[in-house]
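Welcome to this short tour! Please open your viewer, switch to a cartoon view, and get ready to select a few pieces one after another.

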Amino acid sequence: MTSNNPQTRAWQDLSRDHHLAPFSDFKQLSVKGPRIITHAKGVYLWDSEGHQILDGMAGLWCVAIGYGRDELADAASKQMRELPYYNLFFQTAHPPVLELAKVISEIAPEGMNHVFFTGSGSEGNDTMLRMVRHYWAIKGQPNKKVIISRKNGYHGSTVAGASLGGMTYMHEQGDLPIPGIVHIPQPYWFAEGGEMSPEEFGVWAANQLEEKILELGVDNVGAFIAEPIQGAGGVIVPPDSYWPRIKEILAKYDILFVADEVICGFGRTGEWFGSDFYGLKPHMMTIAKGLTSGYIPMGGLIVRDEVVAVLNEGGDFNHGFTYSGHPVAAAVALENIRILREEKIIERVHNETAPYLQKRLRELNDHPLVGEVRGVGLLGAIELVKDKATRARYEGKGVGMICRQFCFDNGLIMRAVGDTMIIAPPLVISKTEIDELVAKARKCLDLTLSALQG
Ligand code: PXG
């Protein structure tokens with residue numbers, strides 16, 4: 001409902017009269033009015049009504065070092081005064097982008113020493129698609145064009161990003177996917193594992209990659225792209241058998257492997273990258289979000305040395321963006337990574353807060369609505385069900401949305417993906433704040449259960 005507070009009301013009027021919001025029902029939002037977030041500090045947000053809200057989603061999975069770090073503002077201000085913009089086209093460069101590329105190569109898996117910068121994760125995946133095809137063309141195999149992706153994966157919202165993603169509701173709008181992108185099943189045991197054990201299902205889901213490669217013919221397949229853990233799809237942690245089997249398949253066939261690290265990268269799993277967590281050896285990694293802690297837009301593609309060696313033989317790569325490697329974004333990213341390293345934030349996630357969050361979250365397993373709690377690092381998912389044993393849902397009730405609304409109203413941001421509640425708090429969250437998060441989550445589960453029974 002639109003607010004009674006005149007200032008909030010004025011902003012909501014501006015929204016209705018002038019703003020088209022991403023992933024929104026424009027008409028519905030114009031009636032309801034958005035919640036106006038005015039400021040933030042640490043892991044907390046404040047809205048224009050004065051409510052304090054624990055941000056269990058780190059913005060949109062991105063605010064790694066938490067809100068309100070002056071160092072990032074100072075880095076941006078300093079860079080803006082010195083060199084606010086210059087491009088990297090036509091054989092020019094500037095210090096922040098070069099220093100950032102070097103620092104990223106230090107933290108990336110061994111043998112990944114080059115970075116192509118973009119303005120977002122979606123642009124990173126567009127870059128990937130063009131680079132993969134360019135790579136195979138240089139190698140004299142131009143038919144190796146198809147990219148295999150996964151159903152319910154998320155890779156962005158540009159035409160290539162949404163096509164690579166496996167969200168059918170995105171494909172339905174605008175004739176997607178574009179040709180040359182195919183999807184295999186996802187390793188989502190809770191929803192799709194049926195009678196199989198998680199381990200059996202993990203192997204089955206991985207084998208779908210091999211079947212697809214054989215069906216298409218390896219001479220037509222350029223790459224396989226996957227998030228180490230699916231984020232937007234519902235924090236889908238694959239069964240332990242999945243990645244080892246995928247690694248065997250990738251070792252057998254001559255295709256590139258792209259890890260989409262937009263969510264898993266920069267410490268979310270308690271390692272620098274999700275690929276480190278699972279021991280993966282990608283040829284390319286898409287990055288964004290945690291790269292700048294979301295303080296300023298920036299994404300990119302980290303590329304393995306062997307791939308760069310081939311690209312070096314191919315002449316011009318006819319691709320790039322006005323804001324590729326933007327100096328202000330690069331300066332902010334450098335400062336963000338400095339803070340992550342010097343304050344040992346990822347070590348703390350690994351050693352203290354991730355084990356604590358995972359332990360505390362699993363206590364919710366005793367709740368009658370909860371069918372499964374899973375998570376890795378500072379990623380968590382809670383499956384809401386009608387029947388714990390059969391994993392049956394409350395069909396058609398929109399339980400996830402009911403729970404999400406209770407969370408909002410009780411000072412917690414916890415997202416709903418269907419009937420899966422998900423969290424990804426800032427990496428700087430403390431144990432006390434984790435206690436608050438879990439207590440609020442339990443309260444909202446209770447309220448949701450009462451609403452269903454009422
Ligand atoms: N890859 C992954 C794995 C992502 O999560 C992108 C690429 C695209 O990044 P940009 O910067 O272009 O948005 C993402 C983005 C959600 C949600 O509902 C998630 C994302 C974006 C918008 C909404 O969880 N992830």
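Begin with an open sheet of 4 strands, which you can trace in the order β11-β12-β15-β14, with antiparallel pairing. Keep in mind as you look around that this is a predicted model. Strands of a sheet pair through backbone hydrogen bonds, either parallel or antiparallel.

Which strands form the edges here? Select 370-376 for β11 and 415-417 for β14: these are the edge strands, and each pairs on one side only. Now tilt the view a little: neighbouring strands of this sheet are turned by 25° against each other on average, with direction ignored.

Next, zoom in on β11 together with β12 (residues 379-384); the two run antiparallel and are joined by 6 bridges. To see one pair of partners, click on E372, whose bridge partner in β12 is E383.

Stay with this sheet and add residues 345-362 to your selection. This is helix α15, and it lies across β11, β12 and β15 (420-423). Compare its direction with that of β11: the helix runs at about 175° to that strand.

**Second stop: a strand on the inside**

Select residues 146-150, which make up strand β5. Is this strand buried or exposed? Of its 5 residues, 5 are buried, so β5 is largely enclosed by the rest of the structure. Show the side chains to check both faces: V146, I148 and R150 are buried on one side, and I147 and S149 are buried on the other.

Now bring in the strands that pair with β5. Residues 221-226 form β7, which pairs with β5 in the parallel sense over 3 bridges. Click on I147 and look for A223, its bridge partner in β7. Then select residues 181-184, strand β6, which also pairs with β5 in the parallel sense, here over 4 bridges. In this pairing, S149 stands opposite H183 of β6.

**Last stop: two packed helices**

Select helix α4 (residues 70-82) and helix α14 (residues 327-342). They pack at an angle of about 150°, with their axes 8 Å apart. That angle makes α4 roughly antiparallel to α14. Where they meet, α4 passes α14 in a right-handed crossing.

Which residues make the contact? Show these as sticks:

- from α4: E71, L72, A75, A76, Q79 and M80
- from α14: P327, V328, A331, V332, E335, N336, R338 and I339

Try colouring them by type: the residues of this contact divide into 9 nonpolar, 2 polar and 3 charged.

Notes:
Residues are numbered from 1 along each chain as its sequence is written. This is a predicted model: local features need pLDDT of at least 70, side-chain atom pairs count only at pLDDT 80 or more; totals for chains, interfaces and linings use all residues. Side-chain values use heavy atoms; hydrogens and water are left out. Axes are lines fitted to C-alpha atoms, for helices over the stretch in contact, and angles run from 0 to 180 degrees between N-to-C directions. Angles under 35 degrees count as roughly parallel, over 145 as roughly antiparallel, 65 to 115 as roughly perpendicular and the rest as oblique. A crossing is left-handed if the near helix is turned anticlockwise from the far one by less than a right angle, and right-handed if clockwise. Contact means heavy atoms within 4.5 Å. Ala, Val, Leu, Ile, Met, Phe, Trp, Tyr, Cys and Pro count as nonpolar, Asp, Glu, Lys and Arg as charged, and the others, Gly among them, as polar. Two strands pair if DSSP finds at least two bridges between them. Buried means under 20% relative accessible area, exposed over 50%, partly exposed in between (1.4 Å probe, protein chains only).
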